[in-house]
Structures are given as structure tokens and as C-alpha cells.
Amino acid sequence: MSTAAWSTISTPTGPFTMIVDSDGQVLASGWSDDPEYLKALVHKSIRPLTLVDKPDLGEVTTAAKTYHQGDLTAIDNIPVRQRSGEFLEHAWDVLREVPAGAPVSYTEYAARSGRPAAIRAAASACARNAAALFVPCHRVLRTDKTLGGFRYGLDVKRWLIAHEERA
């Protein structure tokens with residue numbers, strides 16, 4: 001893949017940047033204003049060589065804005081493209097099935113992913129997720145319901161969990 005488009009929007013927790021391929025699939029996204037940082041998260045087999053600033057990414061931009069305004073299902077049908085091993089790709093698909101407002105523990109997430117003993121692998125799937133929000137890794141908490149980690153900081157994760165509980 002040679003070229004992908006990116007855009008940054010303002011959100012209540014700061015800038016949110018999205019990178020999409022020529023088919024409109026999200027390759028990476030997160031609460032950062034640095035598209036090169038996000039590009040580095042994309043698996044090398046699908047990482048674009050060039051990024052082009054495009055102020056509006058169509059339905060991807062609309063979904064991100066609408067989610068932050070309160071429509072938590074706006075992100076559900078946005079296509080995402082990530083690559084890794086079989087377990088991680090499956091685990092990312094499973095994350096997309098965790099409903100807003102109903103976070104799960106890493107233990108529950110591992111079980112939902114078909115490998116109940118693979119709690120560390122489930123946590124790794126969250127940590128290696130390049131498409132934050134669209135693959136909602138923020139919906140996974142520690143067993144004691146504390147936040148655990150989040151690439152974009154615990155303040156962002158706390159806001160997302162509260163936003164989904166309010167809506």
C-alpha cells in the first residue's frame with residue numbers, strides 16, 4: 001500500500017486522528033495529533049508509505065464525531081483493517097462485539113476470544129490495537145474493574161467509559 005489519508009478532529013479528550021486506506025478502512029486511529037505516530041502502529045505488511053492530509057474522511061470522520069457526541073453505535077460498522085497473527089486478528093474482531101457501556105475484564109475477554117487461559121495474550125491484543133475507538137480496547141478493564149492501561153492515557157480511558165455509561 002503506498003498512500004493513505006488521514007484527518008484529525010477535536011474531541012472532549014483532545015485531538016483524535018484517523019488513518020484510512022483507499023477503500024475507506026481504518027488502519028489506525030487514536031487520541032493524538034501525530035499521524036506519523038499512528039502510522040508506525042500499522043503492521044508493516046499494510047503500512048502506507050505516504051500519508052495525505054484529507055480534512056474529511058467521509059463516514060469514518062462522521063462516525064468518530066457522532067460517537068463523541070453520544071451515538072455510541074456510530075463506530076460499529078466502520079471497516080477496520082489490521083494484520084497480525086491469527087489470535088490477535090480474532091481477538092480484535094471479538095473486541096468489536098463488546099457493547100458500549102458493558103466493559104469486560106481481561107479474563108472475560110480472553111474467554112470470549114476462545115482462549116480462557118490466555119489472559120496475557122488478550123491484554124496484548126489491547127496493547128497492540130492500532131485502531132483505537134473503532135476496535136474499542138478501552139472496554140476491557142482489570143478484574144477488579146480498575147482501568148488497567150491505555151495507550152492514550154487513563155484520563156482518556158476514564159472519559160470513554162463514563163461517556164458510554166452516560167449515553
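**Figure 1. Overall fold of the protein chain.** Read along the sequence, the elements of the protein chain in this predicted model succeed one another in the order β-β-β-α-β-α-α-β-α-α-β-α, which amounts to 6 helices and 6 strands. The radius of gyration is 15 Å, close to the 15 Å that the globule rule gives for 167 residues, so the protein chain is as compact as a globular protein of that length. Measured out along its principal axes, the C-alpha trace spans about 40 × 35 × 25 Å. Among contacts between residues at least 6 apart in sequence, 56% join residues at least 24 apart.

**Figure 2. Surface and charge of the protein chain.** About 7900 Å² of the protein chain is exposed, and carbon and sulfur atoms supply 49% of this area. Of the 167 residues, 48% count as buried. The side chains include 19 positive and 19 negative ones, and the centres of these two sets lie 6 Å apart.

**Figure 3. The largest nonpolar core.** In soluble globular proteins, nonpolar side chains tend to be buried together. Here the largest nonpolar core holds 51 residues, of which Trp31, Tyr109 and Phe134 touch the most other members. At least two residues of this core are supplied by each of strand 1 (3–11), strand 2 (14–20) and strand 3 (26–30), and likewise by each of helix 2 (59–69), helix 3 (86–95), helix 4 (106–112), helix 5 (119–127) and helix 6. The largest share, 6 residues, comes from helix 3.

**Figure 4. Serine 105 in strand 5.** Serine 105 belongs to strand 5, which comprises residues 104–105. With a relative accessible area of 6%, serine 105 falls under the 20% limit and is therefore buried. When residues up to four places away in sequence are not counted, serine 105 touches Val140, Leu141, Arg142 and Thr143; strand 6, for its part, covers residues 140–141.

**Figure 5. Lysine 145, a loop residue with positive phi.** Lysine 145 is found in the loop between strand 6 (140–141) and helix 6 (154–166). Most residues other than glycine have a negative phi. In lysine 145, by contrast, phi is positive, near 75°. Its relative accessible area of 46% lies between the limits of 20% and 50%, so lysine 145 is classed as partly exposed. Leaving aside neighbours within four places in sequence, lysine 145 is in contact with Pro103 and Glu108. Leucine 72 is 73 residues from lysine 145 along the chain, and the C-alpha atoms of the two residues are separated by 21 Å.

**Figure 6. Leucine 133, a buried loop residue with positive phi.** Leucine 133 lies in the loop between helix 5 and strand 6. Although leucine 133 is not a glycine, its phi is positive, at about 80°. Leucine 133 has a relative accessible area of 1%, which is under 20%, and it is therefore buried.

**Figure 7. Alanine 117 between two helices.** Alanine 117 is found in the loop that runs between helix 4 and helix 5. Because its relative accessibility of 78% is over 50%, alanine 117 counts as exposed. Proline 12 and alanine 117 are 105 residues apart in sequence, and from C-alpha to C-alpha they are 37 Å apart in space.

How values were computed:
Residues numbered from 1 in each chain as written. Predicted model: local features only at pLDDT ≥ 70, side-chain atom pairs only at ≥ 80, totals over all residues. Heavy atoms only, no water. Helix = DSSP H or I, 4+ residues; strand = E, 2+ residues; numbered from the N terminus. Buried < 20%, exposed > 50% of the residue type's maximum accessible area, 1.4 Å probe, protein only. Contact = heavy atoms within 4.5 Å. Rg over C-alpha atoms; globule rule 2.2 N^0.38 Å. Areas by Shrake-Rupley, 256 points an atom, 1.4 Å probe, with all protein chains shown as cover. Lys, Arg positive; Asp, Glu negative; His and termini not counted. Charge placed at Lys NZ, Arg CZ, Asp CG, Glu CD. Core = buried A, V, L, I, M, F, W, Y, C linked by side-chain atoms within 4.5 Å.
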